[in-house]
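Trainee: Could you take one loop of this model and look at it closely for me? I would like to know what surrounds it and how that ties in with the rest of the chain.

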Amino acid sequence: MNIAYWIVAGLLALFYVYAGTLKVIRSRDQLRPMMAWVDRMPLPALRALGAVEILGAAGLVLPPLTGIAVPLASAAAIGFVLLQAGAIAVHLTGEDRRITLNVGLIATAAVTLWLATAQ
């Protein structure tokens with residue numbers, strides 16, 4: 001279970017570090033081709049969302065790695081499930097109806113949560 005957790009949580013963390021960093025450093029024009037919804041969100045909220053994704057990725061990896069506040073990894077996984085549920089709502093209320101990635105991220109975060117609590 002430990003190896004499975006590190007594989008799944010590591011991949012999820014890598015995805016969120018990448019996506020969060022893009023949201024923090026790129027302009028709205030640079031993000032638009034990848035994320036059609038960026039025009040419907042204020043830029044400070046978009047930057048905050050990126051920061052939350054980066055912090056959540058750290059929350060998946062650092063507590064189990066250090067052995068300090070290990071339940072934070074479960075909280076981060078729950079946070080990612082909730083984040084993607086909100087993302088699905090944003091996609092469905094706008095013109096962009098592509099939610100396959102969001103559903104996959106919810107499933108991956110749920111598996112990460114299960115692996116974190118099964119240890």
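Mentor: Happy to: I'll start inside the loop, move to the charged pairs, and then step out to the cores.

A word on reading this first. This is a predicted model, so local features need pLDDT of at least 70 and side-chain atom pairs count only at pLDDT 80 or more, while totals for chains, interfaces and linings use all residues. Residues are numbered from 1 along each chain as its sequence is written, and side-chain values use heavy atoms, with hydrogens and water left out.

Your loop is the one between helix 2 (28-31) and helix 3 (43-66), and V38 is a good place to enter it. Helices here are DSSP runs of H or I with at least four residues, strands are E runs of at least two, and both are numbered from the N terminus. V38 has a relative accessible area of 0%, so V38 is buried. On this scale, buried means under 20% relative accessible area, exposed means over 50%, and partly exposed is in between (1.4 Å probe, protein chains only). Beyond four places in sequence, V38 touches R28, L31, R32 and L46, where contact means heavy atoms within 4.5 Å. For a sense of distance, V38 and I68 are 30 residues apart in sequence, and their C-alpha atoms are 36 Å apart in space.

M35 sits in the loop between helix 2 and helix 3 too. With a relative accessibility of 11%, M35 also counts as buried. Set M35 against H91: these two residues are 56 places apart along the chain, and 9.9 Å separates their C-alpha atoms.

Now for the charges. Side chains of opposite charge can pair when their charged atoms come close. The structure holds three salt bridges, each a side-chain nitrogen of Lys or Arg within 4 Å of a carboxyl oxygen of Asp or Glu. Follow R32, which V38 touches. R32 pairs with D29 in a salt bridge whose closest N and O atoms are 2.8 Å apart. D29 is exposed, at a relative accessible area of 54%, and R32 is partly exposed at 32%. R32 also meets D39 in a salt bridge, again side chain to side chain, at 2.8 Å from N to O. D39, with 44% relative accessibility, counts as partly exposed. Through these shared partners, D29, R32 and D39 are joined into one salt-bridge network.

Another salt bridge is found between K23 and E53, with 2.9 Å between the closest N and O atoms. K23 belongs to helix 1 and E53 to helix 3, so this pair ties together parts that lie 30 residues apart in sequence. Both partners, K23 and E53, are buried.

Let's step out to the cores. A nonpolar core is a set of buried Ala, Val, Leu, Ile, Met, Phe, Trp, Tyr and Cys residues joined through side-chain atoms within 4.5 Å. The largest has 14 residues, and Y5, L12, Y16, L60 and F80 have the most contacts inside it. Helix 1, helix 3, helix 4 (71-93) and helix 5 (100-118) are the elements that each give two or more residues to this core. Helix 1 gives the most, with five residues. Apart from this core lies another, of seven residues, and here we come back to your loop: M35 is among its members, as are L22, W37 and L46. Remember L46 from the contacts of V38.

For the surroundings of the largest core, take L60. Leaving aside neighbours within four places in sequence, L60 is in contact with Y5, A9, L12, A13, A73, A76, A77, F80 and T112. Q84, in helix 4, gives a polar view of the interior. Q84 has a relative accessibility of 5%, so Q84 counts as buried. Beyond four places in sequence, Q84 touches Y16, N102, L105 and I106, and Y16 is one of the residues with the most contacts inside the largest core.

To compare with your loop, look at A69, placed in the loop between helix 3 and helix 4. The phi angle of A69 is near 55°, a positive value in a residue other than glycine. A69 is partly exposed, with a relative accessible area of 41%, whereas V38 in your loop has 0%.
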